[in-house]
Amino acid sequence: MIETIKFNTFSWMHILNPSDENFDYLIENYNFHPLDIEDCRSKVQRPKIDIYDDYYFLILHFPVFDKTNKFLDTKEVKIFWGKEFIITIGNSHWIVKKFFNSVKEDLNAFKLELSSETSDALLYEIMERLMKETLALIGRIDSEVEQINYGLFRAKSDKIIEKISVTRKNIILLDTNFRPQLRLFHKFESGEVKGFAEDMEEYWGNILDYYQKLWDVIEDDKELIEGLAKTYDSLQTNRINEIIKILTLISTVMLPMTFIASLYGMNINLPFQSHSSAFLIVSGVMLAVVIVFLCYFIKKKWL
């Protein structure tokens, strides 16, 4: 389905769930490269910007939460950008569709918001909204890292393990998505992507600032979650060692007592076996052994 919003100097087309007829229409009317159309047919592509004489083709990745609102997923944003058109393709990030609908509902109000009525200005508005949404999403991930940091010594181990695992998985996905795109956005500020309107350098620089801020937060959270994971592993290892240490000391103390009790349980003649205070004597020997062991452990600073 092709939906179109017409401005004075350009148009914005949004094609949701494109069909073969839609792709044929783009090839016939816009003369797009067949490889770009092939990329639009595919659901998974690497981020890139293809530069042609009369248009640009962008594939960008932005994160979204899945249906469980727990794990991050990746949404592709595919855009054909020319002087007289912006064409957004496919079931991309929900922000694009929401923005398209809002502009369609009140076109005149949106025209007043544009810095200039050009396709470059519209592309900037689309990318800025994607950046702001991503910034809010990463802010949530950042707060989850802070919660892990706060609850590291307080929360139950199973909850902390789950939080660390989920947050680390999400941060890895963010890092995987954003790392290859950083150089793409540098192309706007460096002038390699010139666009079609004048005086857009500051706007592209603002988009790069957004992206650099996102990248810095991701890098900080990545280092912090790795440090927290190592700290938690060390805490768990130390707790296990303490438990093993206590159990070992108890076993060591109980071993001679078990030996004495087993020895006097045998049906043979043993010292003090017939004595009237045999139980007290054997118990006293056991107690003395325990005291000797405890004094030795304290002296070695094992207790």
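Which residue in β5 is the bridge partner of Ile59? Keep that in mind as you set up your view.

This is a predicted model, in which local features need pLDDT of at least 70, side-chain atom pairs count only at pLDDT 80 or more, and totals for chains, interfaces and linings use all residues. Residues are numbered from 1 along each chain as its sequence is written, and side-chain values use heavy atoms, with hydrogens and water left out.

Start by selecting residues 72-82, which make up strand β5 (strands are DSSP runs of E with at least two residues, helices are runs of H or I with at least four, and both are numbered from the N terminus). Eight of its eleven residues are buried, so β5 is largely enclosed by the rest of the structure. Buried means under 20% relative accessible area, exposed means over 50%, and partly exposed lies in between, using a 1.4 Å probe and protein chains only.

Next, add residues 55-65, strand β4, which runs antiparallel to β5 and is joined to it by eleven bridges (two strands pair if DSSP finds at least two bridges between them). Now click on Ile59: its bridge partner in β5 is Lys78. Follow the hairpin between β4 and β5 through its six connecting residues, and stop at Asn69 in the turn, where phi is positive at about 60°.

On the other end of the tour's strand list, select residues 85-89, strand β6, which pairs with β5 in the antiparallel sense over five bridges. Two residues link β5 to β6 in a hairpin, and Ile79 stands opposite Thr88.

Finally, jump to Ala261 in helix α8, residues 201-263. Ala261 is partly exposed, at 44% relative accessible area. From there, find Met286: the two are 25 residues apart in sequence and 8.8 Å apart in space, C-alpha to C-alpha.
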